[in-house]
Structure formats: C-alpha cells, structure tokens
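Hi there,

Here is the structure I promised to pass on. Have a look at it first, and then read on for my notes.

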Amino acid sequence: MTDATRTATRVCPLCEATCGIVITLEDGQVDGIRGDAADPFSRGYLCPKAYGLKELQSDPDRLRQPMKRTPDGFVAIGWDEAFALTIDGLQAARKAGGNDAVGAYLGNPVVHNLGALLYGPALLKALGSRQMYSASSADQLPKMLSAGLMFGGGLKIPIPDLDRTDFLLLLGADPMVSNGSLMTAPDIKKRLKAIAERGSLVVLDPRRSATAGIATEHHAIRPGTDALLLLSLCQVVVEEGLAEPAVAEHLDGLEAARALIADFTPERVAATCGIDAATIRRLARAFCAADSAVCYGRIGTTCQAFGTLASWAIDLLNVVSGNLDRPGGAMFTRPAALRGSNRDPDTRRPLKFGRWKSRVHGWPERFGELPVCTLADEILTPGDGQIRAMITLAGNPVLSAPGAERMQAAFADLDFYVAIDFYLNETTRHADVILPPPSPLERAGYDLAFYQLAIRDVARYSPPTLPRRAEQPAEWAILLTLAKAMMGMAKLPLAAADAFVLQQLAEREVADAKRRWPDLTLKAVMATLNADHPAGGPERMLDLLLRLGPYGDGFGAEPDGLSFAKLQASPHGIDLGPLTPQVPDGLGTPGGRINLVPDLIVADLERLRDSLDAPVPEFVLIGRRHLRSNNSWMHNLPALVKGPTRCTALMNPADAERLGVAQGESVEIASDAGAIVAPVEVSDALMPGVISVPHGWGHADPEARLGVAAERPGVNVNRVSDAAAVDVPSGNAAFNGLPVRVSRLVGG
Ligand SMILES: Nc1nc2c(c(=O)[nH]1)N[C@H]1C(S)=C(S)[C@@H](COP(=O)(O)OP(=O)(O)OC[C@H]3O[C@@H](n4cnc5c(=O)[nH]c(N)nc54)[C@H](O)[C@@H]3O)O[C@H]1N2
Ligand SMILES: Nc1nc2c(c(=O)[nH]1)N[C@H]1C(S)=C(S)[C@@H](COP(=O)(O)OP(=O)(O)OC[C@H]3O[C@@H](n4cnc5c(=O)[nH]c(N)nc54)[C@H](O)[C@@H]3O)O[C@H]1N2
Ligand code: SF4
Ligand SMILES: [Mo]
C-alpha cells in the first residue's frame, strides 16, 4: 500500500439492506469497493449496486455546481447566486399566494440520508405549507397508516424476525431482487434460504419472482386481492381455533375483529384471488402449526387498491395466529437513536389524521402530507392555495408518480421550481435552479430510519469517505440555509440556525429523558454537545439521540452506555442483539394498547366486499424491480445498465399467443391516463391476464443530462399509471392491479 492508498469503511446508502462496505482509495479516487467482512450485520455481503457508488462518484453528468435555467439552457452558477435566486423565487410565490403556494416533494433517497432526515423537517416547518408530498404515498404509506392506527407510529411496523422464524409467508415482495424493504436485513438471500431449509417460505405473487424461485411454495395470486386472501386466512385461524392470539391483554377489539372477518371465508374469496379454498385452509393450518411464523408484505400489498386493508390484515394474521411480539414472529425494534423514545406511555396521545384536506380532490392529510396522486392537480388547478412554486428534494416524480404526462405538464407550468438534486433528470430539467448536494461518499451516514425497521438492533456510523470540494455545502447546510431564509432569518449565521434546531430537539428529548435520569439538565446536555461537536451538524444531533436512546449513556449517568464517540470508535458498527419483545412499552399508543379495529380501516371493508363480485379485467398491470437498478436514478451508471434491455412488458405465453405477439415485438399498453409502447418478453413466470413493466425508465427527454441512460431509455410506465387509481384510506398510488388495454402494435 502506498501513502496515497487508504481504505475506508462505511455503510452503503443505496438500499435498505445497509451493507457495510470497504472502499479502497487511490490518490483520493475510489479504486475498489468490497463487502466489509467485519461488519457484524452484513458480514461481508454486498450486491452489484454498491459498485455503482464508484461510478456515481466519477459520473461526469453528476452535477457539482448549481445550475440556473436560461432561455439558452442550463448554465452553472455560484452558490451565493443560486441561494439568492432560490430564496427570491420561493418568497415571491409565497407573497403572491400564501404559504400553500409553495409545495415540496421529498423523494426516496431522503430516507437514506442522515442530513436530509434531520434537517428536512426544519425546512418543511419553515415553509408552513400544507402542500407536502413524498414518495411515501407511492410506496409504504398504507403500511404506515395501519401501523399508526394499530401501534401508534408510522414506523411502529412489526418486522419479520427472519433469523428465528420457521415459516415466512411473503406477499408482494421480491427481496431477492430488492434486498428487502421495511425489513432491513443484509444478505437476505442467505437468511431466506435458511428459512426454506429449516421450515417454510411461502410466496404469494402474480409472478414467479426470484424469491419464489427459492421458496418452498409459490402461489400465483391475482393482483390486488391480497386483503381478501389474508382475511380469509385470519377467518380460518379464528373459525378453526388454530391458535391463541398474541399479547391478548394488550389488545382492543379482538371480538369485533373476529366478527368483521366472519364472512371472508376461503370459499368466498378463492375465485377472486385465484387460489383455491383447500390451499388457503392448508396454508392457515400450516402457518399456525409452525413453532413460529410471520406474515410479511411489501410493494405488491401496499401499492394497490386495497393497500391499507392488506397491511392491516397482515398484522391481524400475525396477532390471531399468536405470532406478534415474539421471537420468530413479527417483532418491534428497539432502535438506538429515536426521537421520543423516552416519552411517558401514559401521556401519549393518539395520532391525528385528516387535519387538513387537499384542495382539489379533498384527500385527507396523512402524517403531515398529501398523496402524490393529487400533486399535479394541485399545481394545475387555479384557485386559493394553488401550488405555484415547488421544491423537490431527491425525487423524480415525473418518472415515479402516477399520471406522468400530467405531472410533467404540472412541473412545466410552475412559476418557480428549485430541485435539490445532483442529476438533471426528467423532473429537475424543469427547475429554475438546481442545488446539487454532495455525493453519497462525501457525507456522513447513520441509518436513522432503517434501524427502526431492522431485523436486529444495530448502530453504525459512517464518516464521509471523501472530502467535499471547498465550495460545496453539505446537504444539511443547503436545507438549513433555505429554512432560515423562509423563516425570515436569511442573515442569521448558519451555526446559529443549527444551534436553534438542536435546542428545539434537545428541549423535548431532555424533558422526556428526565423520567430515566432525573439529574439530567438541558444546560449540561447542550454544553456537552457543543464541546464535543464544535462544527455542529447531523453528528451533534445524532449524539443527542444516541445518548438519550435506549442504550444511551445518559450523558454520563450510565458510563458503559452508547454515545457518538463510542460508535465512532467502532468503525464496523455495533450489534445490539436480536429483537426483543416490546409490547406494551415500545408501542406509540396511549398506554401501549393495540387497536385491532381502527375506524378508518374497517370503514374500507365494504369497498373490499364489493370487489368480490367485480368483473375481472382482461389485463391488469403490475411492476417489478431489477437487482442492478434503483428506482429512477441509477440508470446513468454503465456497470449497472449494461446488458439486454430491462424495460420490457412481461407477459404469459397464453396471452402473447392470443394477442399474436412474439418475443421482442411491441405492444401498446393503455389506460384512461395514457399509453406506452414496450417490447414484449414472453414468460410463464407471469400468471395469465397480468402484464408487468418496471418503473423508473423513460430517459428520452432531450432536456435531461443523462448521457448513459439516454442510450437505453426504456419507457415511463407511469404514463399509464392512473392518478385516480388509489388505495382509498391512504390515497397511496395503486400502481399494481390497474386494468389496462393491451394490443399488438401494428408493424411493431
Ligand atoms: N435492486 C433494487 N432494489 C430496490 C429498489 C430498486 O428499484 N431496485 N427499490 C427500493 C424501493 S424504493 C422499494 S420500496 C423496495 C421494494 O421492495 P419489494 O416490494 O421487495 O420490491 P419488488 O421487487 O417491486 O417486489 C414486489 C413484488 O410484488 C409483486 N406484485 C405486484 N402486484 C402484486 C399484488 O397485487 N399482490 C401480490 N401479492 N404481489 C404483487 C410483483 O410481482 C413483485 O414480485 O425495493 C427497494 N430495493
Ligand atoms: N409504477 C411504479 N411506480 C413507482 C413504483 C413502482 O413500484 N411502480 N415504486 C415507487 C416507490 S416504492 C418509490 S420509493 C418511488 C421512488 O421515486 P422517487 O422518490 O422520485 O425517487 P427516485 O426515482 O429514486 O429519484 C431519486 C432522485 O434523487 C436524487 N438523489 C439521489 N441521492 C440523492 C441525495 O443524496 N440527495 C439528493 N438531494 N438527491 C439525491 C436522484 O438524482 C434522483 O433524481 O417510485 C415509486 N414509483
Ligand atoms: S444490498 Fe443494498 S446496501 Fe447492500 S450493497 Fe447492495 S445496494 Fe448497497
Ligand atoms: Mo420505495
């Protein structure tokens, strides 16, 4: 090793698996990336995407300077000018139309970004707008809603205890490809294979997915029918008395739940789901006969017309089968850093939903945001509260949200748009100003969100691998600069604004923590934090949360406890052990009660019953993912996009024959929202009557600057996805199960 060669460890920020990686640097350039064998959680595993970090670092298309749109195209500008233009643009819109005239969309990578997670809320608060949107409503919002109503927090989601379960019933997820979601578990392939070896791995998916390929059993289920199937499993468990419910003394509404599901018998739902009644009964019995079992569902169960009911039914099954909150079942985490972790259970109040409604379609607010299905209408429809300026943070809604054509028109129509993003893509190309954040390797990391969803409690801190260029602000500093300006304090030094944000967090956390450590004072806590972190920033806030967290040192009260310094001294991270029972104290509901029959959810059962007799469309559309892809934004990295085109329409041979299309020929797929043309890939992995097209493609916009992606553009499936197709309780996009018309392209 030469002097110029060094290695650095960090956690890969690209997906929820949070693998530890070792990066070799030569003269400050990334040379190699490998799995960190000393990482206690990922033990050396990594997937091909990790290598993308190297190409991302050197990608000439990745923006390193702010950009301003001019009549002659984008030009690079300095940071002072970029901030000034942004603040002027946002303030002008607010002055003309009030707070709600400025909207914001937070994209998926925010959740992988410590600085954005900690300082994004400060910006949103400063905007004081009700026009808040995020990728959540094109993703897991139904699960958050059911978890919020049942367990008292949007991320109080029971996680499958993968390493100890004997039976995993998995619906609408393909963790072999996605590497797991709402279940952080690096090297999930190994963990799933171990389940199949010691017990049962049953997959319900309209497609024989990669995960179905290693399962002990796969059944093709008709898209959008998971809630029916799950409730019928619950019904069998109850009717046949197969199990004692779990955590019975903490449940409210068990009898009511039993009554509500009585008519969802396997015989009633079988034809609609496409799975026969005998199989459903057998699955229910096997699930209950296993020593431990857990049901888990992901995108196929949330991004569909009955996403909230399916999410609820999964946890209902875990409860009635006796598997909630016990090893091998569905368990809650005990994350090392968590806001509000010391709050007194008796002073908690139920979450409030529907505090305001969207202007055009009356969608109720969920967790402070409105569903992205309605964003385009909120921009394009004139009237009080119309959005006239937008901020996007790490998002590409023109490719990722339903109703893409109208979304594109909406972004083109804005008076002002600022994108905080390092790519000039299909959405950000409409921006007036683009503020590029540092690359993922140039920032610190700690997975605040994913450790709330991990199958073991772990804590790992990643220092920046590479330094930022001198003029490049940290992402948190970009957000805070905008936040203070929108609070009318543009002149306040950044450090003072940072101290203010910390103080607000600390006041609440210290007050709560006095239950545990009565001698704790805010003054002493602030003095320690300021002394230990003179530069401020995310690390200082993280330290506060760690030291007051469940494993924390309480600022000296428990000297062996966790602190930022201790984490920093453990470059491979700290394993805090397997999940432990958390009911009732770890819940977020008043008194730790579990509500099995939330009004908002059971009110949707009638809609579900009606679906039983609905006619079956000739074709429904579903999505899928690919191991070397990551939503819309890693298609500009040559190592990840090489090989045959992936943006194909997967279709069963019987359907292809009926339409008269052969492999490689094209079909038109149309809905009320729009149409696309895609090449056909004939495969018996897909059940008949279902067509699958992946999202995140459609890179043909000449105004974007994605040279590599433009060579294999694919099509934007969300031109077909209908913004009117939603899960009603949450407003979440129902990408999966959308009825579509498919026809052979004449001459195609
Ligand atoms: N390589 C890679 N990894 C990723 C991503 C990526 O783009 N690429 N994206 C990340 C993100 S943002 C997320 S949210 C996660 C998602 O993580 P997963 O949910 O595991 O991802 P998918 O591969 O989309 O799996 C969804 C499965 O649902 C099936 N399905 C579709 N409709 C239905 C239905 O109605 N019912 C049932 N039972 N099944 C259905 C599909 O056939 C597919 O197999 O992945 C993350 N990880
Ligand atoms: N049809 C269909 N549509 C879907 C889905 C589906 O299954 N089917 N899945 C949905 C799901 S689960 C999700 S999560 C969404 C994802 O959709 P979006 O939330 O729109 O996210 P991405 O497509 O991943 O776009 C991420 C953007 O963030 C930028 N970026 C990356 N890292 C950073 C960073 O550190 N800081 C900043 N500021 N920017 C960064 C990238 O350049 C890119 O522009 O798509 C949804 N859309
Ligand atoms: S599985 Fe996810 S976290 Fe692990 S290396 Fe791949 S992209 Fe990174
Ligand atoms: Mo997602």
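A word on naming before the notes: helices (H or I, at least four residues) and strands (E, at least two) are DSSP runs, numbered from the N terminus. With that numbering, α5 is the element that gives the most to the shell around ligand 1, namely 3 residues. Please keep in mind that this is a predicted model.

**Ligand 1**

Let me start with the surroundings of ligand 1. The shell holds 31 residues, and the closest of them are Ser-178, Asp-205, Asp-226, His-626 and Ser-629. Sorted by class, the shell has 13 polar, 10 nonpolar and 8 charged residues.

Three polar pairs may be handy when you look at the site on screen. Lys-49 places a polar side-chain atom 3.0 Å from a nitrogen atom of ligand 1. With Asp-174 it is the backbone that takes part: one of its N or O atoms lies 2.9 Å from an oxygen atom of the ligand. His-626 also uses its backbone, with a polar atom there 2.8 Å from a nitrogen atom of ligand 1. How much of the ligand's own accessible area does the protein cover? On its own ligand 1 has 910 Å² of accessible area, and the protein covers 98% of that. Two elements, α5 (175–178) and α12 (299–302), each give two or more residues to the shell.

**Ligand 3**

Ligand 3 is surrounded by Cys-12, Leu-14, Cys-15, Ala-17, Thr-18, Cys-19, Leu-46, Cys-47, Lys-49, Ala-50 and Asn-179. By class, that shell comes to 8 nonpolar, 2 polar and 1 charged residues. You will recognise Lys-49 from above: this residue is in the shell of ligand 3, and its side chain also has the 3.0 Å pair with ligand 1.

**Strand β15 and its neighbours**

Next, a strand that is worth finding in the viewer. β15 covers residues 389–393, and 5 of its 5 residues are buried, so the strand is largely enclosed by the rest of the structure. In a regular strand the side chains alternate between the two faces of the sheet. In β15 both faces are covered: Ala-389, Ile-391 and Leu-393 are buried on one side, and Met-390 and Thr-392 are buried on the other.

β15 has a parallel partner in β6 (residues 102–106), joined to it by 5 bridges. Within that pair, Leu-106 is opposite Leu-393. Another 5 bridges join β15 to β16 (residues 416–420), again in parallel. There the bridge partner of Leu-393 is Ile-420.

**Strands β1, β2 and β3**

In β2 (residues 20–26), 6 of the 7 residues are buried, so to speak a mostly covered strand. β1 (residues 5–11) runs antiparallel to β2, and 7 bridges join the two; Ala-8 of β1 stands opposite Ile-23. β3 (residues 29–35) is also antiparallel to β2, with 6 bridges between them, and Val-22 has Arg-34 as its bridge partner in β3. β2 and β3 form a hairpin with 2 residues between the strands, and Asp-27 in the turn has a positive phi of about 50 degrees.

**A barrel**

There is also a closed barrel of 6 strands, in the order β21-β25-β22-β24-β23-β28, with mixed pairing. From one strand to the next, the twist averages 45 degrees. One pairing to look at is β22 (residues 649–651) with β25 (residues 690–692), which is antiparallel and has 2 bridges. Met-651 has Ile-691 as its bridge partner in β25.

**Backbone details**

Lastly, a few places where the backbone deserves a look:

- Val-583 and Pro-584 are joined by a cis peptide bond, with omega at about 10 degrees. Pro-584 is in the loop between β19 (574–578) and β20 (594–595).
- Asp-187 is not a glycine, but has a positive phi of about 55 degrees. This residue sits in the loop between α5 and α6 (188–198). Is Asp-187 buried or exposed? Its relative accessibility is 17%, and buried means under 20%, so Asp-187 counts as buried.
- Val-247, also not a glycine, has a positive phi of about 40 degrees. Its place is the loop between α8 (226–239) and β12 (251–252). Val-247 is buried as well, with a relative accessible area of 16%.

Happy browsing, and best wishes!

Conventions. Residues are numbered from 1 along each chain as its sequence is written. Chains are lettered from A and ligands numbered from 1 in the order in which they are written. This is a predicted model: local features need pLDDT of at least 70, side-chain atom pairs count only at pLDDT 80 or more; totals for chains, interfaces and linings use all residues. Side-chain values use heavy atoms; hydrogens and water are left out. A residue is near a molecule or strand if one of its heavy atoms lies within 4 Å of it. A polar contact is a pair of N or O atoms within 3.5 Å; within protein, one must be able to donate a hydrogen and the other to accept it, and residues adjacent in sequence count only if both atoms are side-chain atoms. Accessible areas come from the Shrake-Rupley method with a 1.4 Å probe; for residues, only the protein chains shown count as cover. Ala, Val, Leu, Ile, Met, Phe, Trp, Tyr, Cys and Pro count as nonpolar, Asp, Glu, Lys and Arg as charged, and the others, Gly among them, as polar. Two strands pair if DSSP finds at least two bridges between them. Axes are lines fitted to C-alpha atoms, for helices over the stretch in contact, and angles run from 0 to 180 degrees between N-to-C directions. Buried means under 20% relative accessible area, exposed over 50%, partly exposed in between (1.4 Å probe, protein chains only).
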